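Reader: I am new to this structure and would like a close look at a single part of it. Could you take me carefully through the loops where the backbone does something out of the ordinary?

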Amino acid sequence: STMEETDREAVATAVQRVAGMLQRPDQLDKVEQYRRREARKKASVEARLKVQTLSQLDGVRTGLSQLHNALNDVKDIQQSLIDVNKDWRQSINTIENLKDVKDAVVQHSQLAAAVENLKNIFSVPEIVRETHDLIERGELLQAHRKLMDLECSRDNLMYEQYRMDSKNTHDMNLIHTYFGDMQKLSEELAKQLWMVVQRSLVTVRRDPTLLVSVVRIIEREEKIDRRMLDRKKQTGFIPPGRPKKWKEKMFNILDRTVSTRIEGTQADTRESDKMWLVRHLEIIRKYVVDDLLVAKTLLDQCFPPNYDIFNKLLNMYHQALSTRMQELAAEDLEANEIVSLLSWVLNTYKSTEMMGNAELSPEVDVNSLDALISQNVVDQLLSKYMSTLTSNIIGWLRKALETDKKDWIKETEPEADQDGYYQTTLPAIVFQMFEQNLQVAAQINEDLKTKVLLLCLQQMNSFLTRYKDEAQLYKEEHLKNRQYPQCYVQYMIAVINNCQTFKESIISLKRKYLKLEMEDTLSSSHASMDATLDIIAKEGCSSLLDEVFMDLEPHLNELMTKKWLMGCNAVGTICVTVEDYFNDFSKIKKPYKKTMTVEAHRRVVVEYIRAIMLKRISFKNAEERKEGAERMIKEAEQFRFLFKKLTAGSGEDTEGLCDIIEAIAEVIKLTDPSLLYLEVSTLVSKYPDIRDDHIAALLTVRGDASRDMKQTIIETLDQGPSQPNPNYVPIFKEITVPTLTVPKLLK
């Protein structure tokens with residue numbers, strides 16, 4: 001049994017303990033001591049066990065007595081429930097008979113409400129009248145207070161009616177009709193409120209209290225709306241006309257007011273004022289800034305913070321502006337109007353003149369404002385601008401050229417610039433027009449400016465081709481009748497000078513408006529314009545020289561004739577004529593003028609040598625040869641002097657043109673025919689482009705060489721080393737020698 005097991009375990013444990021105590025012989029002496037200690041321990045444990053056992057027995061006794069009591073209680077309750085059940089069954093019939101009492105209670109509460117409202121109900125017409133007067137006098141807060149009382153009476157009556165009999169529409173309508181005038185009052189009051197709201201930006205400066213009253217009324221109505229909607233959730237009843245949503249209406253009114261304000265700023269049309277759009281946009285700018293400043297500084301304080309009135313207004317203005325700008329963009333705008341609009345939309349709107357105004361910050365952050373018109377619309381406007389501008393520029397250039405051409409046939413000289421060079425107004429007009437359009441484009445952005453510059457230069461290119469054709473026609477017309485136009489030479493000089501002005505203007509325009517990295521895109525068109533201008537100038541210069549030589553022709557025809565030998569003054573006249581023309585040519589700008597002088601010098605010498613080669617004279621003897629040769633040397637000197645004078649001493653005869661005449665004179669002057677071959681071969685070595693027919697003609701003019709002699713000289717001429725002047729430009733190749741025709745031989 002368990003008991004025995006426990007005993008065994010106890011004995012085993014005890015044996016172990018005793019064995020532990022008595023491990024050494026000397027411990028045996030202490031046995032008695034150990035026994036006493038163990039006896040004490042045992043007595044203590046037994047005492048604790050006894051106490052424990054007694055307390056447990058007490059607890060069990062108490063528990064049993066409580067269970068006994070509980071059982072009695074349960075029996076009592078069971079009996080009571082049986083009694084209650086019996087009573088309840090008996091009283092059911094009595095409760096059913098109490099329905100009449102219940103109805104009477106409901107009716108009583110309604111009657112109590114009616115009595116409570118009676119004085120209100122009877123005074124409705126009077127209160128309506130008073131409220132109406134208050135509205136008329138502008139005492140809106142008091143008027144609203146009375147209106148709220150009236151609505152409260154009506155709503156309570158209707159609610160009671162609804163609770164009593166929600167399907168009885170007849171009674172509901174009766175109440176509604178009785179309070180009918182009240183609805184009109186509400187509308188009247190609202191009308192007054194909306195007038196104040198519409199004029200809020202003005203009112204806030206003159207009478208802020210009025211605006212605050214309006215906001216308070218709206219806030220009261222919002223509260224009532226919320227209360228009525230809550231009651232509707234619980235009871236299903238909501239009075240007629242609720243929710244009024246006056247706050248929402250107020251924002252709608254503000255929105256409409258802002259739109260009207262923006263639209264209403266257009267005072268003029270294009271017909272009445274060319275600058276209508278600029279004016280319209282400037283008025284909008286001013287109004288918007290003024291309005292927003294008032295809204296920020298004054299209006300904000302009249303509204304509760306949760307209305308966020310400033311930001312709401314800011315959005316309204318932004319929306320209204322966006323709508324207005326889109327409407328304007330859709331109109332048929334002219335080029336300058338497109339620029340005004342884009343410049344305003346892209347630059348002015350966010351600039352410090354408008355939304356970036358320091359006084360509007362930090363509430364207005366320009367970086368977070370959306371664009372007023374989409375990129376798509378901007379691109380459409382820009383492409384329309386470019387196409388309009390293109391046709392405008394073509395038209396302007398054509399007109400400028402037509403105007404310039406009219407000047408060419410005037411009987412008065414063209415005007416000169418400050419340095420005395422002739423010019424017409426054409427380059428100034430053209431580049432002023434380009435400048436204006438570039439400045440306008442720069443208002444919008446860099447990209448458009450570059451596009452406009454490319455367009456201007458592209459149109460300039462085709463314009464210069466037309467200019468060249470017109471100058472050619474001018475020359476041709478003049479050749480038909482050299483008396484007309486009277487100032488042909490002066491205007492042709494102006495045309496030549498214009499070429500130089502055009503060149504300079506193109507460079508300065510590019511420098512001013514073109515970024516360096518874009519330079520390459522234009523280099524080919526620039527080169528082509530320069531080439532065209534050089535052609536115009538060159539052709540102009542050559543047509544002027546043609547003028548000179550047409551006048552010199554009769555005098556050139558006198559050279560190398562009997563008359564010339566007798567001492568006529570043909571070369572003197574030639575020099576005077578050339579000098580006279582060059583007085584006009586001094587009005588040609590430097591690069592072209594220098595070319596002109598060199599060319600004139602060259603042509604005079606060519607014509608002189610041509611006169612020699614025409615074989616109009618054949619000297620009879622050494623005396624004549626000497627006289628003729630000396631005359632030629634003297635005339636070469638005259639030419640040299642003339643051209644030195646024309647180039648003011650700077651243009652030395654670098655090509656040695658007059659030396660050629662002198663070298664030919666030496667061949668003619670030679671007195672010893674045996675040295676003729678030597679003299680001729682020296683000439684050929686200096687001027688290697690001399691042909692056989694030139695030598696033959698020269699010997700014919702000398703007049704003493706037989707046919708065989710000519711033949712021998714020509715054949716034996718050593719095609720030896722030539723030593724031309726390094727600056728020598730072949731001149732003989734331009735000179736043809738006439739061959740003798742049959743009639744000449746027969747003579």
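**Backbone features in the loops**

Author: Before turning to the loops, a starting point at the beginning of the chain may help: in this predicted model, Asp7 has its place in helix α1, which covers residues 2–21. Asp7 is partly exposed, with a relative accessible area of 47%, and together with Glu4, Glu5 and Glu9 it forms a negative surface patch.

As background for the loops, most residues other than glycine have a negative phi, and most peptide bonds are trans. In the loop between α9 (208–235) and α10 (246–263) lies Pro243, and the peptide bond that joins Arg242 to Pro243 is cis, with an omega of about -10 degrees. Lys245 belongs to the loop between α9 and α10 as well; its phi is positive, near 55 degrees, although Lys245 is not a glycine, and at 43% relative accessibility this residue counts as partly exposed.

Another positive phi, of about 45 degrees, is found at Asp308, also a residue other than glycine, which sits in the loop between α11 (276–297) and α12 (309–330) and is partly exposed at 36% relative accessibility.

Further along, the bond from Tyr484 to Pro485 is cis, with omega near -15 degrees, and Pro485 lies in the loop between α16 (446–480) and α17. Helix α17 itself takes in residues 488–513, and its end C-alpha atoms are 37 Å apart, which agrees with the 38 Å that its 26 residues should span at 1.5 Å a residue. Because 21 of those 26 residues are buried, α17 is largely enclosed by the rest of the structure.

Notes:
Residues numbered from 1 in each chain as written. Predicted model: local features only at pLDDT ≥ 70, side-chain atom pairs only at ≥ 80, totals over all residues. Heavy atoms only, no water. Patch = residues over 30% accessible without salt bridge, like charges linked within 9 Å, V, L, I, M, F, W, Y side chains within 5 Å. Areas by Shrake-Rupley, 256 points an atom, 1.4 Å probe, with all protein chains shown as cover. Salt bridge = Lys/Arg side-chain N within 4 Å of Asp/Glu carboxyl O. Lys, Arg positive; Asp, Glu negative; His and termini not counted. Charge placed at Lys NZ, Arg CZ, Asp CG, Glu CD. Helix = DSSP H or I, 4+ residues; strand = E, 2+ residues; numbered from the N terminus. Buried < 20%, exposed > 50% of the residue type's maximum accessible area, 1.4 Å probe, protein only. Expected span 1.5 Å × (residues − 1).
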